Amino acid sequence: MSTEPPRVPQSPRYRQGTVILQTEDHGEVTVPEPVWCTGHDDEYVGHLADLTHNGVHVRAGAVTYAHGYLELLDAYISHAPYGELHPEAHPVLSLHLDLDLDATPEDSRKVAQALRVASLRIDRVADEVERLRNGGQA
């Protein structure tokens, strides 16, 4: 039998430039909501330190003959301003790369092309993070 309380879904209320969220440790809080944040509607009530703003996920992958679709990249803008150990003063690029593959020459070329595309996408998201960190609208 679990002793943990049930997880409660978040019921965010959005206002111009802010979002009102419920937290376990600070009750109801109003925090700035960046225009690039995709929202908090699918989140659960947690601690203020766990609040993270996340942008749209940018992905890249390769369709191979032997393995089908392989996702290589998942990247998005992220900002965790209230973290206890490492609060982020500015947005960062959250970058996830994954590939472990034994490939034919044909599939290797498909993966190489996908990595070139992934590289361009990383550069674009990094440019946007840099713009935000240099005073662009958050």
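Buried, in this tour, means under 20% relative accessible area, exposed means over 50%, and partly exposed lies in between (1.4 Å probe, protein chains only). Helices (H or I, at least four residues) and strands (E, at least two) are DSSP runs, numbered from the N terminus.

The model is predicted: local features need pLDDT of at least 70, side-chain atom pairs count only at pLDDT 80 or more, and totals for chains, interfaces and linings use all residues. Residues are numbered from 1 along each chain as its sequence is written, and side-chain values use heavy atoms, with hydrogens and water left out.

**Stop 1: the helix**

Select residues 105-133, which make up helix α1. The expected span of a helix is 1.5 Å times one less than its number of residues. For the 29 residues of α1 that gives 42 Å, and the end C-alpha atoms are 41 Å apart, which agrees.

Now colour Asp107, Val111, Ala114, Ala118, Val125, Val129 and Leu132 within the helix; these are buried. Show β5 (58-64), β6 (68-79) and β7 (92-97) as well, because the buried residues of α1 pack against these strands (contact means heavy atoms within 4.5 Å).

Move past the end of α1 to Gly135, which follows the helix and has a positive phi, near 100 degrees.

Then go to the other side of the helix in sequence and pick Ala103, in the loop between β7 and α1. Ala103 is partly exposed, at 33% relative accessibility. Add Tyr65 to the selection: Ala103 and Tyr65 are 38 residues apart in sequence, and their C-alpha atoms are 9.4 Å apart in space.

**Stop 2: the three-stranded sheet**

Select β1, β2 and β3. The three strands form an open sheet in the order β1-β2-β3, with antiparallel pairing. Strands β1 (13-15) and β3 are at the edges with a single partner strand each, so one side of each has no neighbour in the sheet. From one strand to the next, the twist averages 25 degrees.

Two strands count as paired if DSSP finds at least two bridges between them. Strands of a sheet pair through backbone hydrogen bonds, either parallel or antiparallel.

Zoom in on β2 (residues 18-23) and β3 (residues 27-32), which pair in the antiparallel sense over six bridges. The two strands form a hairpin with three residues between them. To follow the register, label Thr18, whose bridge partner in β3 is Pro32, and then Val19, whose partner in β3 is Val31.

**Stop 3: Thr23**

Stay in strand β2 and select Thr23. Is Thr23 buried or exposed? At 8% relative accessibility, Thr23 is buried.

Draw two distances from the Thr23 side chain. One goes to the backbone nitrogen of His26, at 2.9 Å; the other goes to the backbone oxygen of Gly27, at 2.8 Å. A polar contact is a pair of N or O atoms within 3.5 Å; within protein, one must be able to donate a hydrogen and the other to accept it, and residues adjacent in sequence count only if both atoms are side-chain atoms.

Next show Val29, Val45, Gly46 and Leu48, which are in contact with Thr23 when its neighbours within four places in sequence are left aside.

**Stop 4: salt bridges**

A salt bridge is a side-chain nitrogen of Lys or Arg within 4 Å of a carboxyl oxygen of Asp or Glu. How many does a search of the whole structure find? The search finds four salt bridges.

Select Arg13 and Glu28, whose side chains meet in a salt bridge (3.2 Å, N to O). The pair links distant parts of the chain, with Arg13 in strand β1 and Glu28 in strand β3, 15 residues apart. Arg13 is partly exposed, with a relative accessible area of 34%, and Glu28 is partly exposed at 48%.

Select Arg59 and Glu71, which meet through their side chains in another salt bridge (3.5 Å, N to O). Arg59 is in strand β5 and Glu71 in strand β6, so this pair ties together parts that are twelve residues apart in sequence. Both are partly exposed: Arg59 has a relative accessible area of 40% and Glu71 one of 37%.

Keep Arg59 and add Asp74; the closest N and O atoms of this salt bridge are 3.8 Å apart. Asp74 is in strand β6, so the pair with Arg59 in β5 ties together parts 15 residues apart in sequence. Asp74 is buried, at 12% relative accessibility. Leave Arg59, Glu71 and Asp74 displayed together: they are linked in a network of salt bridges.

Terms used. Axes are lines fitted to C-alpha atoms, for helices over the stretch in contact, and angles run from 0 to 180 degrees between N-to-C directions.
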